[in-house]
Amino acid sequence: MAAGGDTMAQVHTGIDSSNKTLLKSEALYKYVLDTSVLPHEPECMRELRLVTDKHEWGFMQSSPDEAQLLRMLIKLTGARNTLEVGVFTGYSLLATALALPEDGRVIAVDVDREYYEIGRPFIEKAGVAHKVDFREGPALDHLDALLADERNLGAFDFAFVDADKPNYVRYHEQLLRLVRVGGTIVYDNTLWAGTVALPPDTPLSDLDRRFSAAIRDLNARLSADERVEVCQLAIADGVTICRRLI
Ligand SMILES: C[S@@+](CC[C@H](N)C(=O)[O-])C[C@H]1O[C@@H](n2cnc3c(N)ncnc32)[C@H](O)[C@@H]1O
């Protein structure tokens, strides 16, 4: 459990870095960060991460090792046209924008523009604002609006989902039409602090019980979904990579 001994406490509200990894050793996580991640974190991302860490909801921010994974995936797959669902202050969005080619773009959706405004100056200072198309509002509506234009069907190479967990299964159906065959959909928090594997009677907060159940449902559906090939990683809070097959 990421939150330590008190299972009634919500599992993601801790301020220490154990909130950011499923690794059982803090020392090992620090080793990974210090050796392979933080020395390569762009300065603009570091600055945004440190500012966001001080925000009352800072624990929602993607971890540096996860952001590094996103940058690597975008570069490896040569993605140009991408989507992000769940922006917060924009740490994963900045990672995405930095990894995209000069003519790449990311449509980024969040219900709350106020958070995004915290990160916007960092995106501008990094010289990648021209790649970012931020849209405020519920992601289901924005994805539906994209689906209404048939030019968007299969037009995206990559999508990253890190928003309201109970809607992931709906985002999956929408994204399978927006992301091209061979394209990539990445879901965050797919192990929900390890709660997905706890006995059903384990005491959890209402939110954790609900989100953990939603994630278990998502994982079962993804595993049985013949339209995608999946890869579950135990990085950060659990990351699932899907490659669209048909
Ligand atoms: C975990 S945070 C995203 C963290 C972000 N990826 C980062 O690197 O900092 C989740 C975000 O999803 C947004 N969100 C929640 N429900 C949403 C919805 N229905 N549609 C769009 N965004 C939503 C929240 O406002 C919040 O900013």
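**Exercises on the largest pocket and the ligand**

In this predicted model, the protein chain averages a pLDDT (the predictor's confidence in each residue, from 0 to 100) of 94, and 94% of the residues score at least 70. Local features need pLDDT of at least 70 and side-chain atom pairs count only at pLDDT 80 or more, while totals for chains, interfaces and linings use all residues. Residues are numbered from 1 along each chain as its sequence is written, and side-chain values use heavy atoms, with hydrogens and water left out.

**Exercise 1.** Find where pLDDT stays under 50.

*Solution.* The stretch is residues 1–6. Where pLDDT is low, the predicted coordinates should not be read in detail.

**Exercise 2.** Describe the residues of the lining of the largest pocket by class.

*Solution.* The classes are set by residue type: Ala, Val, Leu, Ile, Met, Phe, Trp, Tyr, Cys and Pro count as nonpolar, Asp, Glu, Lys and Arg as charged, and the others, Gly among them, as polar. The lining then divides into 19 nonpolar, 14 polar and ten charged residues.

**Exercise 3.** Locate the residues that surround the ligand, and give the distances from Phe88, Asp162 and Asp164 to ligand atoms.

*Solution.* First, 19 residues surround the ligand (one of their heavy atoms lies within 4 Å of it), and the closest are Ser62, Ser92, Asp110, Ala139 and Asp162. Next, an N or O atom in the side chain of Asp162 is 2.9 Å from a nitrogen atom of the ligand, and a polar side-chain atom of Asp164 lies 3.1 Å from a ligand nitrogen atom. Finally, for Phe88 a backbone N or O atom lies 3.2 Å from an oxygen atom of the ligand.

Notes
Contact means heavy atoms within 4.5 Å. A polar contact is a pair of N or O atoms within 3.5 Å; within protein, one must be able to donate a hydrogen and the other to accept it, and residues adjacent in sequence count only if both atoms are side-chain atoms.
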